[in-house]
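Reader: Could you walk me through the salt bridges in this one? I'd like a close look at how the charged side chains pair up.

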Amino acid sequence: MDYRKTAQAILDLVGGSKNIVSAAHCATRLRLVIADNSKADKEAIENVDGVKGVFEASGQLQIILGTGTVNKVFDEFISIAGIMASSKAEAKEAAAQKQNIFMRAIKLLGDIFVPIIPAIVASGFLMGIMNSLDFMINNGFISMDTSSSIYVFANLFSNTAYTFLQILIAFSAAKAFGANPYLGAVIGMIMINPALQNAYTVATEGVQQTQSVFFGLYDIDMVGYQGHVIPVVIAVWVLSVIEKKLHKIVPEVLDLFVTPLVSVFVTGYLTLSIIGPVFVWAENAILGGIQWLLTLPLGIGSLIMGGLYAPTVVTGIHQMYTAIDIGQIAQYGVTYWLPLASAANVAQGAAALAVALKSKDKKIKSLALPSSLSAFMGITEPAIFGVNLRFFKPFIAGCIGGGCGALYASLVHLGAKGTGVTGIFGILLCLEQPVQYVIEMAIAVGVAFVISFLIYKDQKPKAETAAVNGGTAAAPAGIPDQSASSEESDTESACGGAELAEETIYSPAKGKIIPLSEVSDETFASEMLGTTIAIEPEDGRIAAPCDGEVINVFDTGHAVCIATKSGGELLIHIGVDTVKLDGKGFTKRVSDGDQIHAGDVLIEADLDTIRSAGYPATTMVILTNADQYSEVVKTEPGAAGTDTAIMKLKK
């Protein structure tokens with residue numbers, strides 16, 4: 001392909017160089033921050049030679065070009081535009097600044113709550129299971145020894161994350177605000193200190209003790225903040241402001257002692273005397289308003305919110321919903337919001353499934369089917385951005401289905417014991433009302449599927465001409481179209497010696513091969529970049545899957561490209577959106593041009609760092625030139641080691 005021509009076309013269609021705020025790229029995507037989104041013609045960009053997809057996320061216009069291609073197009077792009085290449089961090093900062101204050105606040109909430117979701121999910125699942133067991137034991141359905149260590153310990157474990165939730169939130173909030181996370185944790189501990197009366201006992205015992213503050217100006221109740229979210233976040237924000245200020249003014253020799261002491265004491269006093277009482281009132285008012293809406297007569301409020309849930313995912317507002325779930329669980333014992341979200345998510349999946357079954361376009365089918373399965377598991381971005389919004393009518397059908405499912409959930413008062421998991425597996429959080437949950441899912445799926453199937457029609461196919469790709473035929477659906485250019489021949493011969501007629505590709509990591517429907521990124525899930533295997537790694541040792549040569553190791557260390565002995569071009573991409581970590585958590589063990597053998601360590605990744613930052617560690621192995629093979633056989637999902645064959649290639 002003509003990389004300069006592609007770069008020029010993209011530049012023209014985004015409004016020219018004056019509309020570019022910053023430009024960067026990762027292993028597969030050109031990431032642009034543009035000043036005026038209305039000047040970008042996304043539909044036209046999708047038709048540019050070499051472009052495999054276009055979408056907006058986190059304030060960036062992301063143009064999917066594929067490994068190898070993106071580097072060349074990017075170099076031409078910044079040359080033509082006359083701009084400097086931005087680092088990943090600079091592009092991320094530019095994108096964040098471009099968003100309005102409201103969206104930045106929503107993103108901040110996501111940064112705080114997303115990392116603690118695994119802990120909440122674990123406790124929520126266990127609480128649901130234990131409550132269901134208690135119900136069955138008390139009603140004689142089953143007989144079980146409730147004094148056994150397994151049962152007693154399970155009960156103990158089930159509510160631990162919620163008992164100490166304020167510490168988890170405070171630790172995560174401190175990281176998000178740029179404060180010392182351990183000082184943040186101390187603030188969380190202060191707010192649920194055993195010396196304070198447990199907030200859950202006030203309703204039955206009344207307030208046991210008050211304390212005069214600010215030299216007798218007024219009295220406060222000496223009650224803990226169990227079950228509260230907003231006061232903790234505000235308190236840690238105050239801590240971050242004080243700590244950062246003190247770091248600037250306190251002499252370095254005293255900083256270690258003075259800053260932590262003053263920061264914690266001042267923040268703690270302000271929290272118990274002002275911040276806590278004020279924001280408990282504000283939080284209760286917000287939760288009360290949401291509950292009022294969800295309990296409007298005939299389920300009207302839930303119908304509206306269920307219909308509007310998917311549009312909030314598009315805007316990113318859904319990042320704040322974990323806070324609503326947690327607040328409702330603390331106040332009501334269950335969250336009525338999660339069933340609503342589940343209905344909305346599976347409805348979008350059903351709408352995409354209808355597209356997959358009705359469309360006669362193989363490329364659309366290959367994208368819509370895995371996207372729909374992903375949505376049924378609770379991950380809707382592939383279905384929403386890749387399919388439903390693209391054709392719009394299925395998106396509306398999904399919204400209607402979500403509203404109908406949420407309406408039923410409201411009428412039967414369906415609540416979940418935990419948060420973090422929606423879709424099919426969300427039933428594990430609703431084990432006290434499993435039948436109602438199944439009916440809700442059936443309503444949402446049925447309505448969305450039927451409407452989407454009835455109103456969706458394939459767009460009139462565009463004329464396919466060989467001239468677009470320099471005379472070559474179009475590649476099969478899901479596999480990048482690459483001409484057999486002299487550049488590729490050079491790459492293939494770079495491995496040295498004659499090319500192999502057959503080759504086996506092994507897993508680069510020990511772990512579990514998962515279905516692509518479980519991958520949270522539509523680009524990978526739909527195999528838009530090429531034949532893809534996804535692996536959930538158990539450790540961060542990423543090894544060479546075959547003999548060959550390192551074509552490129554990205555500066556951030558999150559991806560590496562390899563030329564194999566048979567002429568294959570492999571992209572190993574560690575994690576989803578991990579380019580945003582800007583190299584944090586990745587250690588490169590090879591360099592461009594290195595000759596490698598199967599099993600050699602390529603990258604060492606800190607999986608804890610990746611996951612604690614809120615990114616999946618799912619590692620993809622992508623054969624980007626699969627069209628140059630007569631046969632590519634992928635292994636089935638299951639356990640994998642570095643000696644497990646994941647692809648067999650035949651020229």
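Author: Here is a look at the salt bridges, one pair at a time. Bear in mind that this is a predicted model, where local features need pLDDT of at least 70, side-chain atom pairs count only at pLDDT 80 or more, and totals for chains, interfaces and linings use all residues. Residues are numbered from 1 along each chain as its sequence is written, and side-chain values use heavy atoms, with hydrogens and water left out.

Searching the whole structure turns up seven salt bridges, each being a side-chain nitrogen of Lys or Arg within 4 Å of a carboxyl oxygen of Asp or Glu. One of them pairs Arg 31 with Asp 577, with 3.5 Å between the closest N and O atoms. That pair ties together distant parts of the chain, 546 residues apart: Arg 31 sits in strand 2 (residues 29-34), and Asp 577 in the loop between strand 13 (569-574) and strand 14 (586-588). Strands here are DSSP runs (E, at least two residues), numbered from the N terminus.

As for exposure, Arg 31 is buried at 4% relative accessible area, while Asp 577 is partly exposed at 23%. Buried means under 20%, exposed over 50%, and partly exposed in between (1.4 Å probe, protein chains only).

Asp 577 also bridges to Lys 580, at 3.7 Å between the closest N and O atoms, and Arg 31, Asp 577 and Lys 580 are linked in a network.

Then there's Glu 604 with Arg 589, whose closest N and O atoms are 3.0 Å apart. Glu 604 belongs to strand 16 (601-605), and Arg 589 to the loop between strand 14 and strand 15 (595-596). Glu 604 is partly exposed at 36%, and Arg 589 is partly exposed at 48%.

Methods
Helices (H or I, at least four residues) and strands (E, at least two) are DSSP runs, numbered from the N terminus.
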